[in-house]
Amino acid sequence: ANPAMANNMAGLKQSEAEGHETLGLAALTRASANKNTDPKKYDAAIAGFEQAIALAPNRAPIHKDLAYTLLKIGENEAARDQLGEAMRLDPADQHVALEYAFLCYETKQQAVARRIFDRIRKTGDPTAEQAFQNIDKPLADGIVRWLKALELSPDNFSAHQELASLAEQRDELALAAEQYEKAFKLRPDER
């Protein structure tokens, strides 16, 4: 047997064992944190989940557990960020994606929420379809309204700016860029 190959194999086995040991420790830390989901123990649960994430940052379930605990104490933005990470780690988990999209919407990230709902609705999910329409229809209606306003008053800075903002949220980026450009030509000091 080749001594270099034997050393490499021994190193690989040790590395693999250490990886399993870290994952095992993360699982134990996660289990311990899960025991602290009594309302009086949320701080301990959060600390435990954060410790488990430090040990196994690529484990989506730990991020989900932390997110749900953060939601219980009203930390919606932090929960949103943890669900976003869980979704990044496990893009096939549509339940997490939906929850992330709803939290994006609730925390004023409508454009992100719209994109996620749009992606999920294309799989036939009726909840995502309704949520998408609830975001998209007012944007589309607003765009039509501001286009009409600009027909009547083409030099209206606020109308160009509002139209640009709605178009940007709806991912109509060419329209948004055009309207921002027109607005800032009208008022260069507003840049």
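This short talk goes through a predicted model of one protein, from the overall fold down to a single helix and a single residue.

Start with the whole chain. The protein has 191 residues, and 35% of them are buried. It contains 9 helices and 0 strands. Reading along the sequence, you therefore meet a helix at every step of the pattern, α-α-α-α-α-α-α-α-α. Of the contacts between residues with a separation of 6 or more, 43% join residues 24 or more positions apart. The accessible surface is about 11,500 Å², and carbon and sulfur atoms account for 52% of that.

Now look at one helix. Helix α4 covers residues 76-89, which is 14 residues. From first C-alpha to last, α4 reaches 20 Å, close to the 20 Å expected at 1.5 Å a residue. Which residues of α4 are buried? They are Ala 79, Arg 80, Gln 82, Leu 83, Gly 84, Ala 86 and Met 87. The buried residues of α4 pack against four helices that you can find in the structure: α2 (42-55), α3 (60-72), α5 (94-106) and α6 (110-121).

One of those partners, α5, holds the residue I want to end on, Phe 102. Is Phe 102 buried or exposed? Neither: its relative accessible area is 35%, so Phe 102 counts as partly exposed, the class between under 20% and over 50%. Leaving out residues up to four places away in sequence, Phe 102 touches Phe 117, Thr 127 and Ala 131. Phe 102 also lies 6.6 Å from Ala 113, C-alpha to C-alpha, with the two being 11 residues apart in sequence.

Technical notes:
Residues numbered from 1 in each chain as written. Predicted model: local features only at pLDDT ≥ 70, side-chain atom pairs only at ≥ 80, totals over all residues. Heavy atoms only, no water. Helix = DSSP H or I, 4+ residues; strand = E, 2+ residues; numbered from the N terminus. Expected span 1.5 Å × (residues − 1). Buried < 20%, exposed > 50% of the residue type's maximum accessible area, 1.4 Å probe, protein only. Contact = heavy atoms within 4.5 Å. Areas by Shrake-Rupley, 256 points an atom, 1.4 Å probe, with all protein chains shown as cover.
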